[in-house]
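This report describes selected features of one protein model, moving from its strands to its nonpolar cores and then to a pocket.

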Amino acid sequence: MAYVDSLLSKCTCFSQLKQLQAHLITTGSFQFYTHRAKFLDFCAVSSAGDFHYAVHIFRNISSPYTNEWNGILRGIAQSNNPINALTFYVSMSRSPCKPDALTCSFTLKACARALARHETLQVHAHVIRFGFDADVLLRTTLIDAYSKCGDLGCAYQLFDEMCVRDIASWNALIAGLAQGNRPNDALLLFKKMRGGNMEPNEVTVLGVLSACSQLGANREAGIVHEYIKSKNLDRSVIVCNAVIDMYAKCGLVGRAYDVFNEMKCLRTRVTWNTMIMGFALYGDGEEALELFDRMGQAGIEPDSVSYLAAICACNHAGMVEEGMKLFDDMDRCGVSKNVKHYGSMVDLLGRAGRLDEAFKIVQSMPTVPDVVLWQTLLGASKTYSNVEMAEIASKKLVEMGSNHCGDFVLLSNVYAAQGRWHDVRRVREAMKGQDVKKVPGCSYIEVGGTIYKFMNGDQNHPRWKEIYWKLDEILLRIREYGYVPETNNVFHDIGPEEKENALCYHSEKLAVAFGLISTPDRTCISVNKNLRICGDCHVVIKLISKIYEREIIVRDRTRFHRFKDGACSCKEYW
């Protein structure tokens, strides 16, 4: 067997593999199923092999052994159609040759890639029936499959029931929680892991870095980064890229740039792209374009992602002409454009109020514009109260079958801004008729290593009365600076006083007020919001940063706002 393994490892192309097969046949080795199974497995999954050829050989075996079934099953699980592995598994189960633990493992990996939760449950039942449930590796594969299929409850239950856990078990659940919109739980599990006798590795920290990125958890981000440095995990370029991305998404673009400049390993194109996008999210277009130029000077040719990041930077900084030049340069440099590049240009022109040009970009696309692109145009139409363009975009969204709540809300707000309450009611009736629910605004803030969540008008926090008292104090103090509530941001047919009350308790205001009463004076407050920050909150937080002498970073759905001394890093372009 070692002899066949040695020969297989030397095959670098399909012709060599076929020569080896001929050698095994002529020497009689191919009749031994162990050699044949090794060959099939290599042929099915290796870049030097050919999966279809492996299947052809398999079909000519009269009574395949388990390892031979497994070789083909593994190949299907790694293919572009992993769901087909389930049909193959059923065929194997009905054959005289019964599945083993590896069979179940490959099938579960196929389920994970195909997001096949129901089939994962069925294979899990087989695992128990066949007596494989004590296998630690198989349990880990089950945790990974459930996590990727979105059933984090089952994944966590399996993890808790394990008597012995290896590093892979911890990593599978941490990554699953981070990717499954439960980043806070991922951080808690990481703390539990470090408190035990299991040492996190490179895979672990990649999951945790993702969780920190989602939450904007600055304190936890620093702790994880210190751990990475103490264990020399920053020698991996993949880890360094993830750290840069994490700091950028936490609003700490300066720290992200420090990591970029101090890397111990060689920077890749992904590293440069990540840092350029970090500056883009922060609204620092000039730094982003300078880095984009340095990238080329360093001998790394920008790809489509590099151009997208640079155009996004122009978008957030209001650098319209520079963005248009980059868009045109892509054709000159032979870099292909995709729908995201067109979408960024529509957003760039739309933010600048050049809606007709944005619409022409849409019409010039070589492919059919997607839902996001029309939503972008609808958003720009709302910003500039262009009812005609809003109706065009809205009609296209309806034709495409979109029923996202934001589509209805934006169109409703366009009508409301014009006082067309009849049309507002018509849009809202359509929402009810299609059972479309508006996504509620919520904000997150980290205090003392704990993540707190606030909803609009929230009174669930144990200190809610203190928070509301602080908000009352804030409103009194900012009025002295000439603050007038921007009630035009409340798109309801109600009176002025009710509109002011509706604005007072937006989630980001509650989070900032909680930050003020819970953290030392002059320290930075960082807030994450799931939606775009509203105009009134933007004005209020600017004033808070001046009056209370605080730096406040708000990450909304599209970008960062760094408030300091009564000004915002977005320069009012958002």
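How many bridges join β5 to strand β6, and in which sense do the two run? The model is a predicted one, and in it β5 and β6 (residues 567–568) are antiparallel and joined by two bridges.

**The sheet**

The pairing of β5 with β6 belongs to an open sheet of six strands, whose order is β2-β1-β3-β4-β5-β6 and whose pairing is mixed. At its edges lie β2 (450–455) and β6, each of which pairs on one side only.

On its other side, β5 (residues 560–564) pairs with β4 (residues 552–555), again in the antiparallel sense, and here the two strands share four bridges. Strands β4 and β5 make a hairpin, with four residues between them. The hairpin of β5 and β6 has two residues between its strands, and within this hairpin D565 adopts a positive phi near 55°.

Individual bridge partners and facing residues along β5 are set out below.

| Residue | Opposite residue | Strand of the opposite residue |
|---|---|---|
| I552 | F563 | β5 |
| F563 | C568 | β6 |
| K564 | A567 | β6 |

F563 thus appears twice: F563 is the bridge partner of I552, and F563 also stands opposite C568.

**The nonpolar cores**

Which residues have the most contacts inside the largest nonpolar core? They are M275 and L377, in a core that comprises 120 residues. Neighbours within four places in sequence aside, M275 is in contact with I244, V253, A256, Y257, F260 and L291. Another core, of 33 residues, lies apart from the largest one and includes I533, I541, L543 and F563. The strand residue F563, which faces C568 in β6, is therefore also a buried residue, since membership of a nonpolar core requires burial.

**The second largest pocket**

The second largest pocket has a volume of about 510 Å³. Its lining consists of 22 residues, and Q214, L215, Y444, N528 and R555 are the closest to its centre. Which elements give two or more residues to this lining? Two are helices, α12 (183–195) and α13 (202–215), and two are strands, β1 (442–447) and β3 (525–529). By class, the lining of this pocket is made up of eight charged, seven polar and seven nonpolar residues.

The sheet and the pocket are thus linked through β1 and β3, which have places in the strand order and also contribute to the pocket lining.

Conventions: Residues are numbered from 1 along each chain as its sequence is written. This is a predicted model: local features need pLDDT of at least 70, side-chain atom pairs count only at pLDDT 80 or more; totals for chains, interfaces and linings use all residues. Side-chain values use heavy atoms; hydrogens and water are left out. On a 1 Å grid over the protein atoms alone, a cavity is a set of points where a 1.4 Å probe fits but cannot get out, and a pocket is an open set with protein on both sides within 12 Å along at least five of seven lines; lining residues have an atom within 4 Å of a point. Grid points are joined across faces, edges and corners, and a volume is the space filled by probe spheres set on the points. Ala, Val, Leu, Ile, Met, Phe, Trp, Tyr, Cys and Pro count as nonpolar, Asp, Glu, Lys and Arg as charged, and the others, Gly among them, as polar. Two strands pair if DSSP finds at least two bridges between them. A nonpolar core is a set of buried Ala, Val, Leu, Ile, Met, Phe, Trp, Tyr and Cys residues joined through side-chain atoms within 4.5 Å. Buried means under 20% relative accessible area, exposed over 50%, partly exposed in between (1.4 Å probe, protein chains only). Contact means heavy atoms within 4.5 Å.
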